[in-house]
Amino acid sequence: MLSEEESFPDGIIQVFLSNLLLSCTVVTVVFLTAAWYIRDSLEIDDVEHKWVFVTGCDSGFGNLLARQLDRRGLNVIATCMTEKGSADLKAETSARLKTVMLNVTDSASIDSAVEFVRAEVGEYGLWGLVNNAGRSTPIGPTEWMQLEDFKKVLDVNLIGLIEVTLKFLPLVKKAQGRVVNMASVLGRVALNGGGYCLSKMGVESFSDSLRRDMQHFGVKVSIIEPGFFKTGMTNVDLIEKDLQRLWNQLPTDVKDSYGTKYLDEYLKAQKFCMGILCSSDISKVTGCMQHALLARHPRTRYGAGWDAKLLWLPLSYLPSFIADLSIRVILPTPEDNRMVYPNQVDVAKT
C-alpha cells in the first residue's frame with residue numbers, strides 16, 4: 001500500500017484520466033459509426049412482390065432508376081411523356097417493366113395512371129412512389145418573369161407532384177411503402193429567380209408534413225436533394241434560349257437598368273458555373289433513390305453530388321448574407337445598381 005508520500009502525482013492522474021476519456025470517446029464514435037453503417041446497409045426482402053411507380057422516365061434520373069430497379073427484380077411501372085421514350089425504355093428492360101403515359105399537370109391523365117397501377121399491383125399495394133418528373137425553365141432574374149413563367153414550373157414540380165401523391169397514397173398505405181420526392185439543393189439555397197427554387201422549397205415542406213402524417217401508417221417519406229448534374233434540365237443551350245426569350249420581352253426601361261452587356265455576362269457566368277459543377281455521373285442520384293426504396297431504414301434526406309454535400313447544403317445553414325455575397329460574386333452586377341433612386345428623397349439634403 002502506497003504511503004501518502006508515495007502516492008501518484010496529481011498531474012499523472014489527470015493525464016491518465018484524459019487519455020482514458022479520449023480512448024472511450026474514440027471507441028464510442030467508432031462503434032456508433034459502425035452500427036449506423038450496418039443499419040444503413042440492411043435491405044428489404046421479397047422484392048419480387050414489390051411494385052414501384054416512377055414518374056418522368058423518358059430520360060435522366062427517372063430513366064436510369066427504372067432500369068436499375070428492373071435489374072434488381074422489382075416490378076417497375078414507369079411513366080413517360082412520349083411514345084419514343086416509352087419504346088426506348090422497354091427495349092432496354094425486362095418484360096416485367098410496364099410503361100404508362102402520364103402528364104402530371106392533367107388530372108385525367110393521373111386518374112388513368114392510378115387505375116392502371118391499381119390493376120397491376122392488386123392486393124399487394126404500391127411499395128414505392130417516386131415523384132421524379134420536373135422542369136427547370138424558365139429561370140433567371142425575378143424581374144424578367146411573368147406570372148405564367150412561374151406557373152409553368154410550379155404546375156409540374158409542385159402542384160403535379162402533390163396531386164400524384166394524394167391520388168396514389170391509398171395504394172402506398174396499403175403496402176406500407178415509400179414515397180420518394182425529388183427536391184434539390186436549390187430547395188435550400190435560392191440561386192435564381194423563377195419557379196424552380198420555389199417549387200423545390202415547396203417539395204421540401206410538403207414532404208416533411210407528409211412524412212410526419214404518414215409515420216402512423218408505416219409509410220416512409222424520403223427527400224432527394226441533388227446538386228448539379230448533366231441532364232435535360234441543365235441543358236445550357238435550352239436555358240440560354242429561354243433567357244434570351246425573357247430578355248427580348250422586357251420593357252426598354254428595365255433593359256436599360258441592367259445594361260446592354262448584362263445578358264451576355266449572365267450567360268457566361270452561368271455556362272462557367274455549369275461547366276464546373278455539373279457531374280455526368282447521375283447514378284449518384286439514382287443510387288440515393290434506390291436506397292430510399294430498398295433500405296430497411298431509409299434516410300429522411302439524401303444529398304447527392306460533391307457540390308451538394310460540400311457547398312450548397314453547408315451554405316444553407318450559414319447566415320443569409322454569406323449566401324447573398326457568394327451569389328453576388330458569381331453573377332454580374334446590373335449597370336444601374338444605385339442603392340438610392342432619383343424618386344427617393346435624400347434625407348440628408350432636406
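Which loop holds proline 138? I looked this up before anything else, and proline 138 lies in the loop between S4 and strand S5 (139-140), where helices (H or I, at least four residues) and strands (E, at least two) are DSSP runs, numbered from the N terminus. The peptide bond that leads into proline 138 from threonine 137 is cis, with omega near 5°.

**Ground rules**

I note that this is a predicted model, in which local features need pLDDT of at least 70 and side-chain atom pairs count only at pLDDT 80 or more, while totals for chains, interfaces and linings use all residues. I number residues from 1 along each chain as its sequence is written, and side-chain values use heavy atoms, with hydrogens and water left out.

**Confidence**

I read the average pLDDT of the chain as 91, with 93% of the residues scoring at least 70; pLDDT is the predictor's confidence in each residue, from 0 to 100. Over residues 344-350 pLDDT stays under 50, and for this stretch the model has two contacts beyond four places in sequence, a contact being heavy atoms within 4.5 Å. Where pLDDT is low, the predicted coordinates should not be read in detail.

**Overall form**

I find twelve helices and nine strands in the chain. The radius of gyration of the chain is 26 Å, well over the 20 Å that the globule rule gives for 350 residues, so the chain is more spread out than a compact globule; the radius is taken over C-alpha atoms, and the rule is 2.2 Å times the number of residues to the power 0.38. Taken along the principal axes, the C-alpha atoms fill a box of roughly 95 × 75 × 35 Å. I also looked up burial, and 46% of the 350 residues count as buried, with buried meaning under 20% relative accessible area, exposed over 50%, and partly exposed in between (1.4 Å probe, protein chains only).

For residues 12-38, I see that UniProt lists "transmembrane region" in an unreviewed entry; its positions are given in the numbering used here, feature names are shortened, and annotations may be inferred rather than shown by experiment. In the model this stretch is 100% helix and 0% strand, and its end C-alpha atoms are 39 Å apart.

**The sheet**

I traced seven strands that form an open sheet in the order S3-S2-S1-S4-S6-S8-S9, with parallel pairing; two strands pair if DSSP finds at least two bridges between them. The edge strands, each pairing on one side only, are S3 (98-101) and S9 (301-304). From one strand to the next the twist averages 15°.

I then followed two of the pairings. S1 and S2 pair in the parallel sense over four bridges, and tryptophan 51 has asparagine 75 in S2 as its bridge partner. S2 (residues 75-80) also pairs with S3, again in the parallel sense and over four bridges, and here isoleucine 77 stands opposite lysine 98 in S3.

Which residues of S1 are buried on its two faces? I find Trp51 and Phe53 on one side and Val52 and Val54 on the other, all buried, so that both faces of S1 are covered.

Two helices were checked against these strands, with axes as lines fitted to C-alpha atoms, for helices over the stretch in contact, and angles from 0 to 180 degrees between N-to-C directions. Helix H4 (residues 107-121) lies across S1 (51-54), S2 and S3, and runs at about 160° to S3. Helix H5 (residues 147-175) lies across S1, S4 (128-131) and S6 (178-182), and runs at about 175° to S4.

**Single residues**

I found aspartate 46 in the loop between helix H1 (10-41) and S1, with a positive phi of about 60° although it is not a glycine and a relative accessible area of 37%, which is partly exposed. Glutamine 176, in the loop between H5 and S6, likewise has a positive phi, of about 50°, and counts as partly exposed at 48% relative accessibility.

Glycine 195, in helix H6 (residues 195-214), is buried at 0% relative accessibility. Leaving aside neighbours within four places in sequence, I list its contacts as Pro138, Phe150, Val153 and Leu154, the proline being the residue with which these entries began.

Asparagine 132, also in the loop between S4 and S5, counts as buried at 8% relative accessibility, and its contacts beyond four places in sequence include Thr55, Gly56, Met182 and Met289.
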